[in-house]
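Work through the exercises below with the sequence and the model at hand, trying each task before reading its solution.

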Amino acid sequence: MLKYFSEAFEELKSNVTWPEWAEVQKYTIVVALFSVIFALATWGIDLTFTKVLNGFFNLLKG
């Protein structure tokens, strides 16, 4: 097990091409913005469905 982790760490150190720090920062901002936009869209859809369903059930109550 120790040999496996040792070899895996060596693989990460020597054979993986890591992105530059500026690129990591840029993609982090993109992911954060997309997450906020997606959360707001989900909230908006949820709010819309809530209002539609409340209106529908209020019509059924008469």
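**Exercise 1. State which residues make the nonpolar surface patch of about 650 Å², and place two of its phenylalanines.**

Solution. In this predicted model, the patch is made by I45, F49, L53, F56, F57 and L60. To join such a patch, a residue needs over 30% relative accessible area, so the next step is to look at the accessibility of individual members. F56 has 45% relative accessibility and therefore counts as partly exposed, and F57, at 47%, likewise counts as partly exposed. As for their place in the fold, F56 is in helix α2, and F57 is found in helix α2 too.

**Exercise 2. Check whether the span of helix α2 agrees with the expected one or departs from it.**

Solution. Helix α2 covers residues 21-61, which makes 41 residues. The expected span takes 1.5 Å times one less than the number of residues, so for α2 the expected value is 60 Å. The C-alpha atoms at the ends of the helix are 60 Å apart, which agrees with that expectation. Beyond the helix end, α2 is followed by G62, whose phi is positive, near 85 degrees. A further distance can be read between F56 and N15, which are 41 residues apart along the chain and whose C-alpha atoms are separated by 60 Å.

**Exercise 3. Find how many salt bridges the structure holds, and describe where their partners lie.**

Solution. The structure holds 2 salt bridges. One of them joins K3 and E7, with the closest N and O atoms 3.8 Å apart, a distance that meets the requirement of lying within 4 Å. Both K3 and E7 belong to helix α1 (residues 2-15), where they are 4 residues apart, about one turn of the helix. In the other salt bridge, the side chains of E10 and K13 meet at 3.8 Å, N to O, and these two residues also lie in helix α1, 3 residues apart, again about one turn. The spacing can be understood from helix geometry: an α-helix has 3.6 residues a turn, so residues three or four places apart point the same way. Turning to accessibility, K3 is exposed at 61%, while E7 is partly exposed at 48%; K13 is exposed at 56%, while E10 is partly exposed at 41%.

**Exercise 4. Determine how many aromatic pairs there are, and classify two of them by their geometry.**

Solution. The count comes to 3 aromatic pairs. Y4 and F5 form one that is edge-to-face, with 5.4 Å centre to centre and 70 degrees between the planes, an angle that falls in the edge-to-face class because it is over 60 degrees. Y4 is exposed, with a relative accessible area of 56%, and F5 is partly exposed, with 49%. The rings of F34 and F38 have their centres 6.1 Å apart and their planes at 20 degrees, so this pair is stacked. F34 and F38 are 4 residues apart in helix α2, and are therefore separated by about one helical turn. F34 is exposed, at 56% relative accessible area, and F38 is exposed as well, at 53%.

**Exercise 5. Identify the ring over which the charged end of K26 sits.**

Solution. The ring is that of Y27, and the charged end of K26 sits over it, 5.1 Å from the ring centre. That distance satisfies the requirement of being within 6 Å of the ring centre.

Definitions and conventions:
Residues numbered from 1 in each chain as written. Predicted model: local features only at pLDDT ≥ 70, side-chain atom pairs only at ≥ 80, totals over all residues. Heavy atoms only, no water. Patch = residues over 30% accessible without salt bridge, like charges linked within 9 Å, V, L, I, M, F, W, Y side chains within 5 Å. Areas by Shrake-Rupley, 256 points an atom, 1.4 Å probe, with all protein chains shown as cover. Buried < 20%, exposed > 50% of the residue type's maximum accessible area, 1.4 Å probe, protein only. Phe/Tyr/Trp six-rings, centres within 6.5 Å; stacked < 30°, edge-to-face > 60°. Lys NZ or Arg CZ within 6 Å of the ring centre and 35° of its normal.
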